[in-house]
Amino acid sequence: MASPAPMAAEHQQASLPDDVLAHVLEYLCTLNDIAARRWCLNKAWLKAHAAPVHWRTLTLAINLPLGDDDHCLVSAWERAPQQLRLAVERHTRHVEFTECASRDKPPYSLGRGLAGQRFSRLQKVTIDILFATKCLQHYDDEAAALSPLFGAGCLVAPFLEWNGWQGTEESFLYGQQPRALYKKFPNLRRLELAGIGADLFLRPDQSGQYSSYALLAPEGVPADMVQTRTLMDREQAAQLVELRTLGLADIVHASTPAGLFPHMTLLELWESFLPLYQLQTAFTRVHAICPVLEILILQLDSEYDTWADESNYSVFAHAPRSLKALVLVLQSTKIPNLTRSQYVALIQRHVPAGVQVHIKIDEKSVSWSM
């Protein structure tokens with residue numbers, strides 16, 4: 001097919017629809033596409049699409065095929081047009097890594113990745129990778145490709161316990177020593193562990209083996225288990241101001257030391273089969289562990305007895321007085337037969353003054369007592 005005339009090509013480029021932005025860098029993903037120059041972007045188009053609104057989030061995939069929201073492969077970003085690289089430098093606040101949708105993930109390489117990219121406003125990094133565990137690069141080269149991100153203060157990362165992966169590949173993004181990843185973020189203050197109910201402390205199972213993962217290690221855990229089964233040390237954990245999502249039962253365990261999170265202002269906990277009366281102990285322990293906590297989010301499910309009785313709700317009087325907001329996320333739970341506003345008012349009557357109550361109810365799974 002003959003190449004379009006210069007004027008026709010210019011008109012075509014100038015009239016590209018906005019939704020092509022998600023694929024504008026796709027031509028950089030393979031050598032054949034580069035040779036074919038699938039996209040020949042003119043300066044006017046680049047200037048228009050270097051606007052801040054387009055680059056607050058940069059989404060990079062580690063392997064093909066690209067998803068609808070991916071800008072390009074991590075390995076292709078080094079070949080991105082300079083004007084777009086400058087736009088990212090100035091405006092990007094969030095960088096997200098994704099993997100292809102198929103369950104059989106091919107080995108990946110980050111190339112030089114983001115090396116040389118400067119971020120003036122970066123706040124958050126999301127690692128949305130669960131199964132792509134085999135990297136073709138050396139461990140140190142993979143880390144170097146991601147090094148411009150290590151100044152971020154917020155990290156969203158998968159919790160290894162929930163994907164059941166027990167591989168042996170040594171990958172930086174998803175390797176056997178998760179501590180190495182977290183140590184690269186010295187400014188980490190906000191951590192979200194993707195999944196439900198991560199353990200706070202590493203504890204042996206009934207056979208005395210450490211088969212799971214946890215945020216921290218208590219005293220006496222073998223050093224090799226500390227390195228391969230925990231995410232950070234207590235010094236780094238003490239710097240956190242936000243933490244999502246831990247198991248409630250583990251954080252209120254009697255062995256959890258008071259003042260463990262001295263700066264924590266937001267904490268999200270998850271638990272199943274929690275009797276309502278046990279919230280008294282939970283509130284007391286949470287206040288001791290997080291003395292300046294302002295927002296407590298409780299994800300609760302699978303309780304069909306005690307939450308249905310209005311007389312049990314006086315337990316909310318024990319909520320930490322430091323709180324400004326208490327958020328309840330309820331699924332598969334039986335609650336009193338009240339309207340949503342009446343249910344909020346029931347809880348609000350009991351919580352300490354100044355605590356605002358918010359609820360989120362899964363209408364399909366929550367039932368009301370008669």
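How many of the five residues of strand 5 are buried? Five of its five, so to speak the full count, in residues 154–158. Buried here is under 20% relative accessible area, with exposed over 50% and partly exposed in between, using a 1.4 Å probe and protein chains only.

Some ground rules. This is a predicted model: local features need pLDDT of at least 70, side-chain atom pairs count only at pLDDT 80 or more, and totals for chains, interfaces and linings use all residues. Residues are numbered from 1 along each chain as its sequence is written, and side-chain values use heavy atoms, leaving out hydrogens and water.

Overall picture. The chain has eleven helices and 14 strands. Those are DSSP runs, numbered from the N terminus: helices are H or I with at least four residues, strands are E with at least two. Of 370 residues, 51% count as buried. Take contacts, meaning heavy atoms within 4.5 Å. Among those between residues at least 6 apart in sequence, 75% join residues at least 24 apart. The chain exposes about 17,800 Å², and carbon and sulfur atoms supply 52% of that. The areas are Shrake-Rupley values with a 1.4 Å probe; for residues, only the protein chains shown count as cover.

Back to strand 5. In a regular strand the side chains alternate between the two faces of the sheet. In strand 5 both faces are covered. Cys154, Val156 and Pro158 are buried on one side, Leu155 and Ala157 on the other.

Now its neighbours. Strands pair if DSSP finds at least two bridges between them. Strand 4, residues 124–128, pairs with strand 5 in the parallel sense over three bridges. Lys124 has Cys154 as its bridge partner in strand 5. Thr126 stands opposite Val156. Strand 6, residues 190–194, also runs parallel to strand 5, with five bridges joining them. There, Pro158 has Ala194 as its partner. One step further out, strand 3 (94–98) pairs with strand 4, parallel, over five bridges. Thr98 is bridged to Asp128 in that pairing.

Next, aromatics. Rings of Phe, Tyr and Trp (its six-membered ring) pair if their centres lie within 6.5 Å; planes under 30 degrees apart are stacked, over 60 edge-to-face, the rest tilted. The whole structure holds seven such pairs. Trp55 and Trp77 have ring centres 6.3 Å apart and planes at 50°, so that pair is tilted. Trp55 is in the loop between helix 3 (43–48) and strand 1 (57–61), and Trp77 in the loop between strand 2 (72–73) and helix 4 (82–91), so the pair ties together parts 22 residues apart in sequence. Both tryptophans are buried.

Trp307 and Tyr313 make an edge-to-face pair, 6.1 Å centre to centre, with 90° between planes. Trp307 is buried at 1% relative accessibility, and Tyr313 at 0%. Both belong to one aromatic cluster with Phe283, Phe316 and Tyr343.

Tyr343 takes us to helix 11, residues 340–348, where Tyr343, Val344, Leu346 and Ile347 are buried. Down the helix axis, the buried residues fall within an arc of 155°, so they line one face. That arc uses the directions from the axis to the C-beta atoms. Their cover includes strand 12 (325–335) and strand 13 (356–361).

Last item. The charged end of Arg229 sits over the ring of Tyr213, 4.7 Å from its centre. The criterion: NZ of Lys or CZ of Arg within 6 Å of the ring centre and within 35 degrees of the ring normal.
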